[in-house]
Amino acid sequence: MSFPIVRMRRLRRSEPLRRLVRETHLRRDDLVLPLFAVEGRGVREPVASMPGVCRLSADQIAEEAKAVADLGIPAVILFGIPAAKDARGSGADDPDGVVQRAVAAAKRAAPELVVMTDVCLCEYTDHGHCGLLDGDEVANDPSLARLAATALSHARAGADVVAPSDMMDGRVAAIRAALDGAGFASVPIVAYAAKFASAFYGPFREAAESTPAFGDRRGYQMDPPNQREALREMALDLAEGADVLMVKPALPYLDVLAEAKRRFDVPLAAYHVSGEYAMLMAAAERGWIDGPRAMAETLLSIKRAGADLILTYAAKDVAARLPA
Ligand code: PBG
């Protein structure tokens, strides 16, 4: 059957009709807001390349956690930016560290909010790489114990979920073993499984002061052209005990997300990263696009491709615009 019997426009004639046949919905329940924790009190420092995003001290993280929960957003993910850095990233697993205190503050302020933490060393090392160095190389196996200790310290501080983003081989298994051995068997792991060496992390590195002092991350993060390798990374993280698998960035890797949805029966997360956010905000600031509409359409495309959870800096704005 075809035209004139078939007329695709019939079901597009009115908003109520369109609502009836709409296939995908963006919901508050899909959203996770990333937050940057810094030292101090009363600090709300805007990040220049990410309009609407601030670096927050623990007391402000608490305020933000409450606001996020009030908007009906189920989760935040915390990144810590310590005052001091060293070669082994000592601040990463400090029980009194910047992210550990932020976690505790967020949980006190909004006990029902899911507080996730990003587990990585790059914000804590003076060289800015995601693991320990051996000469100019990022040494895989020696980094695992540091990452496991970091995840464990986050769980001890009250984190509900830990999310390793370092891309060392074997880190999910190392973290699972450390958590289970210390009584945190019920803390899930969201693995940044298919994390690509991307140009879209630029604004984040400004916010987190985590630009590598030399070289780049291509020796551990994935090569952008590789889809099959990404699916293998995801299968491996699943086998090591990941509860949720993430694809990052989101928009340039929707093919990976769609294929992962077909293959894996676990929840999938997608990170709409800093550069993706910055592009939209910059174009909207210039009046070149309708910012809120473009953002909603973008996040919807990520959902349609297969994401169950979407990490986005626009979570609050988007949630505020969704119907109640
Ligand atoms: C840390 C980490 C990064 C991001 C999340 N965790 C930066 C990187 O790998 O360089 C990027 C997030 C974003 O750009 O919004 N390893």
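These are my notebook entries on the ligand site, the aromatic pairs and a few backbone details of this structure.

**Entry 1: the model.** I am working with a predicted model, so I kept in mind that local features here need pLDDT of at least 70.

**Entry 2: who surrounds the ligand.** I began with the neighbours of the ligand and found 18 residues around it. Which of them come nearest? My list reads K195, R205, K248, S274 and Y313. I then sorted the shell by residue class: 10 of its residues are nonpolar, 3 are polar and 5 are charged.

**Entry 3: polar contacts of the ligand.** Next I looked up N and O atoms of side chains facing the ligand, with 3.5 Å as the cut-off for a polar contact. Q221 has a side-chain N or O atom 2.8 Å from an oxygen atom of the ligand. For S165, the partner is a nitrogen atom of the ligand, 3.2 Å from an N or O atom in the side chain. K248 also turns up here, with a side-chain N or O atom 3.3 Å from a nitrogen atom of the ligand. How much of the ligand does the protein bury? On its own the ligand exposes 400 Å², and the protein buries 100% of that.

**Entry 4: the space itself.** I checked where the ligand sits among the cavities, and the space it takes is the largest cavity.

**Entry 5: around K248 again.** I followed the chain onward from K248 and met a cis peptide bond, from K248 to P249, with omega near -10 degrees. P249 has its place in the loop between β10 (244-248) and α8 (254-263). So my notes on K248 now hold two items: it is among the residues that come nearest to the ligand, and its peptide bond to P249 is cis.

**Entry 6: other backbone details.** I noted another cis peptide bond, from F3 to P4, with omega near 10 degrees. P4 lies in the segment before α1 (15-20). I also looked at M167, which is not a glycine and yet has a positive phi of about 70 degrees. M167 is in the loop between β8 (161-164) and α5 (171-181).

**Entry 7: aromatic pairs.** How many aromatic pairs does the structure hold? I get 8 aromatic pairs. I opened one of them, F36 with F79, and it is tilted, at 5.6 Å centre to centre and 35 degrees between the planes. Why does this pair tie together parts that are apart in sequence? F36 belongs to strand β1 (residues 31-38) and F79 to strand β4 (residues 75-80), so the pair links parts that are 43 residues apart in sequence.

Note on methods: Residues numbered from 1 in each chain as written. Predicted model: local features only at pLDDT ≥ 70, side-chain atom pairs only at ≥ 80, totals over all residues. Heavy atoms only, no water. Near = heavy atom within 4 Å. Polar contact = N/O pair within 3.5 Å; in protein donor to acceptor, adjacent residues only side chain to side chain. Areas by Shrake-Rupley, 256 points an atom, 1.4 Å probe, with all protein chains shown as cover. 1 Å grid on protein atoms, 1.4 Å probe; cavity = no way out; pocket = protein on both sides within 12 Å on 5 of 7 lines; lining within 4 Å. Sits in = over half its atoms within 2 Å of the grid points. Nonpolar A, V, L, I, M, F, W, Y, C, P; charged D, E, K, R; others polar. Phe/Tyr/Trp six-rings, centres within 6.5 Å; stacked < 30°, edge-to-face > 60°. Helix = DSSP H or I, 4+ residues; strand = E, 2+ residues; numbered from the N terminus.
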